[in-house]
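Colleague: I've got this one open on my screen and would like a close look at a single spot in it. Could you pick a loop, start there, and then show me how it fits with what surrounds it?

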Amino acid sequence: MLINILETAFNLIFTLNENLLEIISLSLKVTLSALIISVSISIPFGAFLVFYKNKIQSFIVLVSNTLMGMPPVVLGLIIYTLVSKKGIFGFLDILYTPSAMILAQTLLISPIVISLTYEEIFKKNKQYNLLLNSLNLSNISKLKTLIYESRYSLLTVTLTGFGRASAEVGAVMIVGGNINHFTRVMTTAIAHETSKGSIELAVALGLILLLISFVITLLIKSLRKIS
C-alpha cells in the first residue's frame, strides 16, 4: 500500500498535476509576499534598534523575542477577530482571501526577523564599533555599513523566516478558510486531503515541502560558512 501511495504521489509530481501546481503556486505567492513585506520592514527596524538604547528599545526587543514563540493559531484567531465583519478592520473585506493569509504570515515571521536581525547587527556593531566611531560616521551611515557587512547573516535570517512561513498551517487555515482553488496552500491542503483520505496528494505535497526545507537548510548552512 505504501509503495502504491508513493508511486501515485511521485506521478502527480512528475506529471505536473494541475491541482498540485495550483496549490504550490499559491503557497509560494503567499509566503514570498509575506517574506518580502516582513524583511523590508523588519531588517531595517531590527538594525535601527541597536543604535537607540532606551527602555522602549528594551521593551520592543523583549516583545519580539516573546512573539517568536507565538502559537500560529492564536495569531490567526486575533487576525480573524480584527478582520471579520464585526471586527474593527472588517471594512477591508479580506477575510478568507490570500491577502489575509499574507497578513498572517507577515505578522508571524516579523518578530523572528526583527529579533534575529537585532542579534546579528548587535554582534557586528561590537566588532566594528571602534572603527566606525573613529570615522565619525552618522548613525544612518553606520547602519548601512553594518547591514552590508552582515548581508550573509541577514540572508540566513531571511531564509529562516521563509522556512517558518512556508511550514505554517494554523493561522492561514483560520484566516484563509482553506477554500479550494482560492486559499488552499500546501500545509492546509495536506491537512484537508489527509482528513478526507486522499493520501496520495497529501504525500506529494509533503514531499515538496520536505524538498523546500532541504534546500533552505543547505542554503543556510552554506551562508553560515561564508559569514
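Modeller: Let's start with I179, which is partly exposed, with a relative accessible area of 35%. It gets that label because 35% falls between the 20% limit for buried and the 50% limit for exposed. Keep in mind that this is a predicted model.

As for its place in the chain, I179 sits in the loop that links α8 (170-176) to α9. Leaving aside residues up to four places away in sequence, I179 touches Y96 and R184. If you look from I179 towards R224, which is 45 residues away along the chain, the two C-alpha atoms are 39 Å apart.

Now look at N178, which belongs to the loop between α8 and α9 as well. N178 is buried, with a relative accessible area of 8%. The label follows because 8% is under the 20% cut-off. So what is the sign of phi at N178? It's positive, at about 55 degrees, although N178 is not a glycine. That's worth a second look, because most residues other than glycine have a negative phi.

You'll find a positive phi elsewhere in the chain too. L16, in the loop between α1 (2-14) and α2, has a phi near 55 degrees, again positive in a residue other than glycine. L16 counts as exposed, at 55% relative accessibility, whereas N178 is buried at 8%. Then there's N136, just after α5, with a positive phi of about 55 degrees.

Back to our loop. It leads into α9 (186-195), and that takes us to a spot where a few helices come together. M186 is a good handle here: its backbone nitrogen lies 2.7 Å from a polar side-chain atom of S27. S27 is part of helix α2, residues 18-50. Not counting residues up to four places away in sequence, S27 touches V185 and M186. At 7% relative accessibility, S27 counts as buried.

Those three residues share something else: S27, V185 and M186 are among the residues that line the largest cavity. How many cavities of 30 Å³ or more does a search of the whole structure find? It finds one. The volume of the largest cavity is about 70 Å³. Besides the three just named, its lining includes V30, T31, M101, Q105, A165, S166, E168, V172 and T187. Which helices put at least two residues each into that lining? They are α2, α5 (98-134), α7 (151-166) and α9. The largest share, three residues, comes from α2.

Since α2 keeps turning up, let's follow it from one end to the other. At its start, a side-chain oxygen of N17 reaches to within 3.1 Å of the backbone nitrogen of N19. Further along, α2 has a kink of about 30 degrees centred on V39. The end-to-end distance is easy to check: at 1.5 Å a residue, the 33 residues of α2 should span 48 Å, and the end C-alpha atoms are 47 Å apart, which agrees.

Next to consider is α5, which also helps line the cavity. Helix α5 holds T106, and T106 counts as buried at 10% relative accessibility. If you skip residues up to four places away in sequence, T106 touches A34, I37 and S38. Follow α5 along and you'll reach Y128, where the helix bends by about 60 degrees.

Finally, let's zoom out to the whole chain. It has 10 helices and zero strands. The C-alpha atoms fill a box of roughly 65 × 45 × 25 Å, taken along the principal axes. Of the 227 residues, 42% count as buried, S27, T106 and N178 among them. Of the contacts with a separation of 6 or more, 75% are between residues 24 or more positions apart.

If you'd like a route to click through, go from I179 in the α8-α9 loop to its contact R184. From there, move on to M186 and the polar side-chain atom of S27, and finish among the residues that line the largest cavity.

Key
Residues are numbered from 1 along each chain as its sequence is written. This is a predicted model: local features need pLDDT of at least 70, side-chain atom pairs count only at pLDDT 80 or more; totals for chains, interfaces and linings use all residues. Side-chain values use heavy atoms; hydrogens and water are left out. Helices (H or I, at least four residues) and strands (E, at least two) are DSSP runs, numbered from the N terminus. Buried means under 20% relative accessible area, exposed over 50%, partly exposed in between (1.4 Å probe, protein chains only). A polar contact is a pair of N or O atoms within 3.5 Å; within protein, one must be able to donate a hydrogen and the other to accept it, and residues adjacent in sequence count only if both atoms are side-chain atoms. Contact means heavy atoms within 4.5 Å. The expected span of a helix is 1.5 Å times one less than its number of residues. The bend at a residue is the angle between axes fitted to the seven residues ending there and the seven starting there. On a 1 Å grid over the protein atoms alone, a cavity is a set of points where a 1.4 Å probe fits but cannot get out, and a pocket is an open set with protein on both sides within 12 Å along at least five of seven lines; lining residues have an atom within 4 Å of a point. Grid points are joined across faces, edges and corners, and a volume is the space filled by probe spheres set on the points.
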